[in-house]
Amino acid sequence: MKVLTLNFLTCAVKACKTTSASFPLVPKECELVSDTIAPNPTLLTNLLPRVDWPALGSIAVALGFPSLSPLPPTPADLENDTKMMADLHTLLLETQISEGSLVCANCGHEYKVKEGIANFLLPNHLV
Amino acid sequence: MEATSPNTAPPGSTNTIQPPSISQQDGNPSNSSTIQQESSSNPAQYEEQHVHTVYNEIAPHFSSTRYKPWPIVKTFLQSQPPGSLGLDIGCGNGKYLPINPSVFIIASDRSSGLIKFASQHQPHSAIIADTLALPHPRGKFDFAICIAVVHHLSTAKRRRQAVHAILETLSGKGKALIYAWALEQRDSRRGWDEGSEQDVMVPWVMKKAKRDLAEGEKNETTFQRYYHLYRKGEMEENVEAARGVVVEAGYEKDNWWVICSRGKGFEEGKEL
């Protein structure tokens, strides 16, 4: 489960979808591992406007990373600052939640992450 | 399942899939009506037994036979600009994930057995989720593919809901490619055609290597999977019922496909 993926996930419960509390899911007791993934600056630069930056910031802090800048870097920032690009690549694509849970702040349901894969199947009473 | 040797049933071998056990030709409706009754009483439970459990049991063997991408799907994925954000809904073993490494895809499947294979493909991501309860924000994604998935849903309502759920993830300009098994496939070895029963059980035969057999054990196990075979025009009807728009549609290798987007009257969260 990549940190980037968390930016595109909400609670699977239908009633939670319309509440702002269901996004982002809150990481709980997460173990992190680091993967090596080939950098793709174009992918990251083009994808960045789609990333909810405040949500990414709150997830980064919850996972123990330092606070992000208040505003996302511009494409020009990324082009001129290779370290910034490398750091972002590490945080978004290489950092993985291997074990733990993701919690919906609206309904409180916890989704388990095991061996790096989050399970969003709902128990019968929540379907 | 670990004991299964894929070598005994090579990919594409005509021995791996037998003709369906339900007769298509004799006009006897008894088998098909049984399927309908069973599926309408509790469709989710029916699919759990006749689709999800089967895929988990056959996952390694199924995955070893699924590596060749269909051309329409390949073209669709390659046409997405770098940095596009997409979904592969019901991704199975993730055989479409290697096609475009310049986009970011979140792949999902109900089968924990198959998703392990899907999670190997970088830079993408894989999660366990149900097509009818996707954990994604609405209106966010540039594209989605849903290949060989909706034909496993056992009622017309659930198939319409699945198409609606896919469209719900898309942005206003986003497009989805949906692909399902066709009823009209008279040239395939299964021989189904117009007028045949649409709700069928299709066997998956898994062979074990001789050295892995217990004494007296049969060397093959047959699993039955439920399918709803789409007739011509039915996929387009599903899209229209979900208030989507068909952008393009066609037939490829015994399957019907549509590329669709949200229509003007599309409503998020609508019960179909």
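A salt bridge is a side-chain nitrogen of Lys or Arg within 4 Å of a carboxyl oxygen of Asp or Glu. The exercises below use this cut-off on a predicted model.

**Exercise 1. Decide whether the side chains of Glu168(B) and Arg138(B) meet in a salt bridge or stay apart, and place both residues in the chain.**

Step 1. The N to O distance for Glu168(B) and Arg138(B) is 3.7 Å. The cut-off is 4 Å, and the pair counts as a salt bridge.

Step 2. Glu168(B) belongs to helix H5 (residues 156–169) of chain B, while Arg138(B) sits in the loop between S3 and S4, so the salt bridge ties together parts that are 30 residues apart in sequence.

Step 3. Both Glu168(B) and Arg138(B) are buried.

**Exercise 2. Classify the partners of the salt bridges Arg110(B)–Asp130(B) and Arg262(B)–Glu268(B) as buried, partly exposed or exposed.**

Step 1. The thresholds needed are under 20% relative accessible area for buried and over 50% for exposed, with partly exposed in between.

Step 2. Arg110(B) and Asp130(B) meet at 2.7 Å, N to O. They link distant parts of the chain: Arg110(B) is in the loop between strand S2 (104–109) and helix H4 (112–118), and Asp130(B) is in the loop between strand S3 (125–128) and strand S4 (141–147), 20 residues apart.

Step 3. Arg110(B) has 24% relative accessibility and is therefore partly exposed. Asp130(B), at 18%, is buried.

Step 4. For Arg262(B) and Glu268(B) the N to O distance is 3.0 Å. Arg262(B) has a relative accessible area of 18% and so is buried. Glu268(B), at 40%, is partly exposed.

Step 5. Elsewhere, Lys28(A), Glu110(A) and Lys112(A) form one network through salt bridges that share partners. Over all chains, the whole structure has 12 salt bridges.

**Exercise 3. Trace the open sheet of chain B and describe the surroundings of strand S1.**

Step 1. Chain B has six helices and nine strands. Seven strands make up the open sheet, in the order S3-S2-S1-S4-S5-S9-S8, with mixed pairing.

Step 2. S3 and strand S8 (244–252) are the edge strands, each pairing on one side only. From one strand to the next, the twist averages 15°.

Step 3. S2(B) and S3(B) are parallel and share four bridges; here Asp109(B) stands opposite Ile128(B).

Step 4. S1(B) pairs with S2(B) in the parallel sense over five bridges, with Ile89(B) opposite Ser108(B). S1(B) also runs parallel to S4(B), joined by three bridges, and Gly86(B) has Phe143(B) as its bridge partner there.

Step 5. Five of the five residues of S1 (residues 85–89) are buried, so the strand is largely enclosed by the rest of the structure. On one side the buried residues are Leu85(B), Leu87(B) and Ile89(B), and on the other Gly86(B) and Asp88(B).

**Exercise 4. Find which residues of chain B have pLDDT under 50, and set them against the values for the chain.**

Step 1. Chain B has a mean pLDDT of 84, and 85% of its residues reach 70 or more.

Step 2. Over residues 1–34 of chain B, pLDDT stays under 50. The model has 51 contacts beyond four places in sequence for this stretch.

Step 3. Where pLDDT is low, the predicted coordinates should not be read in detail.

Step 4. Of the 272 residues of chain B, 56% are buried. Among its contacts between residues at least 6 apart in sequence, 66% join residues at least 24 apart.

Conventions
Residues are numbered from 1 along each chain as its sequence is written. Chains are lettered from A and ligands numbered from 1 in the order in which they are written. This is a predicted model: local features need pLDDT of at least 70, side-chain atom pairs count only at pLDDT 80 or more; totals for chains, interfaces and linings use all residues. Side-chain values use heavy atoms; hydrogens and water are left out. Helices (H or I, at least four residues) and strands (E, at least two) are DSSP runs, numbered from the N terminus. Buried means under 20% relative accessible area, exposed over 50%, partly exposed in between (1.4 Å probe, protein chains only). Contact means heavy atoms within 4.5 Å. Two strands pair if DSSP finds at least two bridges between them. Axes are lines fitted to C-alpha atoms, for helices over the stretch in contact, and angles run from 0 to 180 degrees between N-to-C directions. pLDDT is the predictor's confidence in each residue, from 0 to 100.
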